[in-house]
Amino acid sequence: MNELVKLEKANFLLAEAKTLTEVKKIKDMAEAARAYAKAANLGSEAISYATEIKYRAERKIGEMLKESPKNVGAKKFSGGTKVEPPAPTLSDLGLTKKQSSQAQMLASLPEEKFEMIAKSEIPISKIKQEIMKMKIKKN
């Protein structure tokens, strides 16, 4: 199957994804496709498209994390109630603190700024620098 067709399917699946686990799988698939496209010299179009899907998945993860209940940790809370289990930890979701932070950062960007980033291959470190500049300008 053509790599661009697989990426188009991933984009469709991303729009349909309802859980963090589903979105993370799509993000991982897009990252793998990006690495493959680079290694196989498939061209900048395939690399850019995979990067865009990865950023869109990360943004959706960030949006979902912002809306989900926070896990208060084992020291503060020993478990869920009979009605409601404790919120999953980042580790339970297969995310690191850094990945969570990056996803929430992408989710906090204004739509037009995110679209500029998603259509480019700007590394996360550069995005963080841009956000810091935006925060400094506000103050």
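The expected span of a helix is 1.5 Å times one less than its number of residues, where helices are DSSP runs of H or I with at least four residues, and strands are runs of E with at least two, numbered from the N terminus. The model used in these exercises is predicted, so that local features need pLDDT of at least 70 and side-chain atom pairs count only at pLDDT 80 or more, while totals for chains, interfaces and linings use all residues. Residues are numbered from 1 along each chain as its sequence is written, and side-chain values use heavy atoms, with hydrogens and water left out.

**Exercise 1.** Compare the expected span of α3 with the distance between its end C-alpha atoms.

*Solution.* Begin with the 24 residues of α3, which at 1.5 Å a residue should span 34 Å. Then take the end C-alpha atoms, which are 35 Å apart, and this agrees with the expected span. As a further step, look at burial (buried means under 20% relative accessible area, exposed over 50%, and partly exposed in between, with a 1.4 Å probe and protein chains only). By this rule α3 is mostly covered, since 17 of its 24 residues are buried.

**Exercise 2.** Describe how helix α3 and helix α6 meet.

*Solution.* First consider the axes, which are lines fitted to C-alpha atoms over the stretch in contact, with angles from 0 to 180 degrees between N-to-C directions. The axes of α3 (residues 44-67) and α6 (residues 111-118) come within 9 Å and cross at roughly 145°. Next list the residues in contact, which means heavy atoms within 4.5 Å: α3 contributes Glu 52, Tyr 55, Arg 56 and Arg 59, while α6 contributes Glu 111, Phe 114, Glu 115, Ile 117 and Ala 118. Finally, notice that the charged end of Arg 59 sits over the ring of Phe 114, 4.4 Å from its centre; the rule asks for NZ of Lys or CZ of Arg within 6 Å of the ring centre and within 35 degrees of the ring normal.

**Exercise 3.** Locate Asn 41 and decide whether this residue is buried or exposed.

*Solution.* Asn 41 lies in the loop between α2 and α3. The residue has a positive phi of about 50° although it is not a glycine. Most residues other than glycine have a negative phi. At 68% relative accessibility, Asn 41 counts as exposed.

**Exercise 4.** State how many helices and strands the protein chain has.

*Solution.* The count comes to seven helices and zero strands. Burial can be added to this picture, as buried residues make up 35% of the 139 residues in the chain.
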